[in-house]
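Dear colleague,

I am passing on to you the structure we spoke about, with the sequence alongside. Please look through it before reading my notes underneath.

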Amino acid sequence: MRAQATEFLRALRRHRESGASGASGAAAPGGGTGAGASAPGRAAPPADDVDAVRALRRAARRISGTLHTFQPLLDASWAEEMRPELAWLSGTLALEHAYASRLERLLQALHRLSGSAAFPAPRPVGRAAATVPAGVPAPARPASPDRGSLTVGAAKAGALLDRQLTLARTRAHSTALQALGSSRFHAVADKVALLASEVPLRATGRPDRGPAPAASASGPGTAPFDLRPLAAAAEERLTDAVTALPLVAAGSPYNAQALVHGLSPDPAPHPQDAPWHQVRLLLRLHRYALEALAGADTGDSGDTEAAVDVRLLAAGEALDRHRDASEAAAAAAQAARTPRIAPATAYALGVLHADQRHEVEAARYAFQHSWRKEPIRLP
């Protein structure tokens, strides 16, 4: 936890330095502090700033996950106060990148399905935003004759998605800027700064009793806690959640129920996806627990790369693709519910939704394929 707190503070310093160096660009004509890469006339955010925000989000997520798994060993009031604040911070900082990646994914899928580039080019995300000029179209492939009906609506569907998701991204960027300048964020940063030097633990041997005076994890005379039972409990929760998944049916070539629900008037999240999203979160907590165990074995933060399970990495990547595809399908279905759109536009959005739901099924199949393999650890 101290290592992640140090990474948080390092990323915060990088963010402040990049913000100061990019202040002149933010004050350009038509400026303001909105989503620079999303609006014409505004400078793209510096690549260092994008990387710093990503590092901030990553450190906050890891500290929060460690608090969740090992909370019985920590001061109860401190942990209960820190977890929701870190979750708020990581969630707020993740929105802008999520909307940008979703738009890029959907526009690329439209291009692949229709063979036409007559819709907005995907806006670059992350470091590419500072190096690739906006508005440069992707190379087009000639449309096949049997794609004529889809090509007609692809341009308007792409424009509609670009308008909706760019607006959401701009709002998310403004929300993130307000969060990083708020007193709430500064309070979180102050607590993380203290965490970098001292972890508030309960008294040794009293993990199930009331909070005791904070004890340093590295202070003299402090007996080490046994992290293995709590890490094993995290692994057990993951195993139970995976067991409850319909792995036999994963990867079905055509999930009619998923398609019908997505295009229905009900805007609620897809009921089939919730258990998979929960497994993704539990898998992440399990990985963080393994990293904490590896750090405890080395006596410090250590190099935990040797403890990485290749099977867990592959399963995590499959669940990340599952999340991205399911959210992209939901965005296409939401755009299809826009009133008074042309039939060709609605048709293109429906095809796009079906394509992303097939990506969901493919990700589920990839997960169950990697999960059932024997664990392989890096040398």
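Below is what was found in it, beginning with two helices and ending with the nonpolar cores.

Please keep in mind that this is a predicted model. Helix α4 covers residues 76-114, and at 1.5 Å a residue its 39 residues should span 57 Å, which agrees with the 55 Å between its end C-alpha atoms. There is nevertheless a kink of about 35 degrees in α4, with its centre on Leu95, and the helix is followed by Gly115, which has a positive phi near 70 degrees.

For helix α7, residues 228-243, the expected span of its 16 residues at 1.5 Å each is 22 Å, and the end C-alpha atoms are indeed 22 Å apart. The buried residues of α7 are Leu230, Ala231, Ala234, Leu238, Ala241 and Val242; these cover an arc of only 125 degrees around the axis, and therefore lie on the same side of the helix. On the other side of α7, the exposed residues are Arg228, Pro229, Glu236 and Thr243.

The largest nonpolar core has 34 residues, of which Phe8, Leu86, Leu89 and Val192 touch the most other members. Two or more residues are given to this core by each of α1, α3, α4, α5, α6, α7 and α9, with the largest share, 8 residues, coming from α3. Leaving aside residues up to four places away in sequence, Val192 touches Ala5, Phe8, Leu9, Ile63, Met82 and Leu86. Apart from this core lies another, of 19 residues, including Ala154, Leu165, Ala331 and Ala332.

With best regards

Notes: Residues are numbered from 1 along each chain as its sequence is written. This is a predicted model: local features need pLDDT of at least 70, side-chain atom pairs count only at pLDDT 80 or more; totals for chains, interfaces and linings use all residues. Side-chain values use heavy atoms; hydrogens and water are left out. Helices (H or I, at least four residues) and strands (E, at least two) are DSSP runs, numbered from the N terminus. The expected span of a helix is 1.5 Å times one less than its number of residues. Buried means under 20% relative accessible area, exposed over 50%, partly exposed in between (1.4 Å probe, protein chains only). The arc is that of the directions from the helix axis to the C-beta atoms. The bend at a residue is the angle between axes fitted to the seven residues ending there and the seven starting there. A nonpolar core is a set of buried Ala, Val, Leu, Ile, Met, Phe, Trp, Tyr and Cys residues joined through side-chain atoms within 4.5 Å. Contact means heavy atoms within 4.5 Å.
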